[in-house]
Amino acid sequence: MGHPVLQQVAAPVEHFGTASLRALVADMDDTMRARNGAGIAAPQIGVALRVVIFEVTRNPRYPQAEPVPYTVLINPVLEPLGPARDEAWEGCLSVPGMRGVVARHTHLRYSGFDLEGKAIDREVTGFHARVVQHEVDHLDGILYPMRITDLRLFGFEEELFPDGSTLPPD
């Protein structure tokens with residue numbers, strides 16, 4: 001948190017299927033998996049491009065989360081489908097050791113492209129919708145603490161969950 005790349009709007013990807021784009025996604029994937037993340041955006045590894053990846057299967061940071069399919073999403077566009085929002089705990093690889101409650105749309109459509117430039121268009125709900133919104137925020141220079149409306153619901157994991165119990169999914 002505080003790095004200039006995380007504070008700017010990322011540039012769109014113009015060329016798909018390139019060696020450099022493949023290397024970027026591989027680096028993002030390695031970082032996400034090494035840190036048990038549900039997703040990661042290119043700015044989180046210092047690259048100001050509109051690329052995110054996400055996946056949740058079994059993950060110690062998200063023990064109650066429903067599965068989210070592995071997705072490489074490039075130049076994403078989000079469209080909320082209705083006004084419904086819910087509040088839930090979130091964390092972030094760029095804000096390690098902290099959690100906060102953030103309101104997100106519960107139902108949305110996202111579109112964009114995969115690594116080869118093939119169109120993606122999905123309608124999602126629940127944790128999947130939350131993960132996509134969190135990651136796409138990174139492409140616009142937004143970190144989840146900027147979306148917290150009650151700072152009493154933001155803090156260090158060990159303070160918020162002192163018994164070491166399983167943390168809520170973020």
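**Entry 1: Val56 and its partner**

I began with Val56 and looked up what stands opposite it in this predicted model, and I found Val68 of strand 3 in that position. I then followed the two strands involved, strand 2 (residues 51–56) and strand 3 (residues 68–80), and noted that they run antiparallel and are joined by five bridges.

**Entry 2: the five-stranded sheet**

Next I asked myself in which order the strands of this open sheet are arranged. I read the order as 1-2-3-6-7, with antiparallel pairing among the five strands. At the edges I found strand 1 (39–41) and strand 7 (119–125), each of which pairs on one side only. From one strand to the next, I noted a twist that averages 40 degrees.

I also looked up which helices lie across these strands. Helix 1 (residues 19–34) lies across strand 1, strand 2 and strand 3, and I recorded its direction as running at about 40 degrees to strand 2. Helix 2 (residues 126–139) lies across strand 1, strand 2, strand 3, strand 6 (107–113) and strand 7, and for this helix I wrote down an angle of about 155 degrees to strand 2.

**Entry 3: the three-stranded sheet**

I turned to the other strands and found an open sheet of three, in the order 4-5-8, again with antiparallel pairing. Strand 4 and strand 8 (154–156) are the edge strands and have a single partner strand each, so I take one side of each to be left without a neighbour in the sheet. The twist here averages 20 degrees from one strand to the next. Helix 2 packs on this sheet as well, where I found it touching strand 4 and strand 5, with its direction at about 60 degrees to that of strand 4.

Within this sheet I looked more carefully at strand 4 (residues 85–92) and strand 5 (residues 95–105), which run antiparallel and are joined by seven bridges. A hairpin of two residues connects strand 4 to strand 5. For the pairing itself I noted that Arg85 stands opposite His105 in strand 5, while Asp86 has Arg104 as its bridge partner in strand 5.

**Entry 4: enclosed space**

How many cavities of 30 Å³ or more does the count give? I recorded one, and I noted that the largest cavity holds about 120 Å³ of space. Its lining comprises 15 residues, and those that lie nearest the centre are Ala38, Tyr62, Gly91, His134 and Glu135.

I then looked up which elements supply the lining of the largest cavity, and found that strand 4 and helix 2 each contribute at least two residues. Helix 2 gives the most, with four residues. By residue class, I noted that the lining divides into five nonpolar, five polar and five charged residues.

**Entry 5: the chain as a whole**

Finally I stepped back to the protein as a whole, for which I listed three helices and eight strands. Reading along the sequence, I wrote the pattern as α-β-β-β-β-β-β-β-α-β-α. The radius of gyration is 15 Å, close to the 15 Å that the globule rule gives for 170 residues, so I noted the protein as being as compact as a globular protein of that length. Taken along the principal axes, the C-alpha atoms fill a box of roughly 45 × 35 × 30 Å.

Notes
Residues numbered from 1 in each chain as written. Predicted model: local features only at pLDDT ≥ 70, side-chain atom pairs only at ≥ 80, totals over all residues. Heavy atoms only, no water. Pairing = 2+ DSSP bridges. Axes fitted to C-alpha atoms, helices over the stretch in contact; angles between N-to-C directions. Contact = heavy atoms within 4.5 Å. 1 Å grid on protein atoms, 1.4 Å probe; cavity = no way out; pocket = protein on both sides within 12 Å on 5 of 7 lines; lining within 4 Å. Points joined across faces, edges and corners; volume = space filled by probe spheres on them. Nonpolar A, V, L, I, M, F, W, Y, C, P; charged D, E, K, R; others polar. Rg over C-alpha atoms; globule rule 2.2 N^0.38 Å.
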